[in-house]
Amino acid sequence: PRVEQIDLRYEYPAAFGLKPRIEENGGDVYGPPGTTVTLAVHTDKPVANPALTLGDGTRVPLIDGGGVLNGELTIADDGSYRVALADGDGLRNPGETEYFIRTLEDRPPHLRILKPASDRKATSIEEVNVEASADDDFGIAALDLVYAVRGGEEKAVPFRREGSRLTVNGQRTIYLEDLGVQPGDFVTYYARARDVSRGKRSSEARSDIFFLEVT
């Protein structure tokens, strides 16, 4: 007996806020720790006592669901598995293909200012529109504009967000007139993003800092 196809369904930890994902005709497993993966194994003939054999020798039974063998794995560490099969005639296949299990580490968000992405001059009554973009492998929890006047205390305000949880675009307007600036003053600004927590402290990223010189 042989494996013809393996379909995978990923269910991510609730902290990520990600929808389940289905991968058809896959095999290798990739995901963050804590992800539950349901495997649907299609074979070329009926089998008896099917199981997944993990790299450490552990066996995970597969249940016949009407011609499709179903099993479940939880990603905890890097490893591998094979699909062990036997048919009614006693012919056995210990698993001709080794499939990999890989954990995906949580990286800090990738963040940048889109507009204005350089130092510039502005009048004391000007409205400066700031646009930023952030993306993360598991989701953006917060996206803020941080600014300060004349090198003073920083203030953070949330961007108006658009986009998916993984890729977020933000817009925010700095009203210089409301800041009470005078010619010769300067305003610094940058974007700050935090990713979703995975039961640990969130990772934070900051964009480059830019200056508005008041004229």
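These legends go with close-up views of a predicted model. Local features here need pLDDT of at least 70 and side-chain atom pairs count only at pLDDT 80 or more, while totals for chains, interfaces and linings use all residues. Residues are numbered from 1 along each chain as its sequence is written, and side-chain values use heavy atoms, leaving out hydrogens and water.

**View 1. Here's the largest nonpolar core, with 25 residues.** A nonpolar core is a set of buried Ala, Val, Leu, Ile, Met, Phe, Trp, Tyr and Cys residues joined through side-chain atoms within 4.5 Å; buried means under 20% relative accessible area, with a 1.4 Å probe and protein chains only. V130, L143, I174, L176 and Y189 touch the most other members. Strands (DSSP runs of E, at least two residues, numbered from the N terminus) feed into this core, and strand 15 (140-149) is among those giving at least two residues each. In fact, strand 15 brings the largest share, 5 residues. A separate core of 24 residues includes I6, V41, F138 and V196.

**View 2. Now look at I209, in the loop between strand 20 (204-206) and strand 21.** I209 counts as partly exposed (between 20% and 50%) because its relative accessibility is 47%.

**View 3. Five strands make an open antiparallel sheet, in the order 2-1-4-8-7.** Strand 2 (21-23) and strand 7 (63-64) sit at the edges with a single partner strand each, so one side of each has no neighbour in the sheet. Two strands pair if DSSP finds at least two bridges between them; strand 7 and strand 8 (residues 68-74) have 2, in the antiparallel sense. Zoom in on D64 and you'll find its bridge partner, L69, in strand 8.

Terms used. Helices (H or I, at least four residues) and strands (E, at least two) are DSSP runs, numbered from the N terminus.
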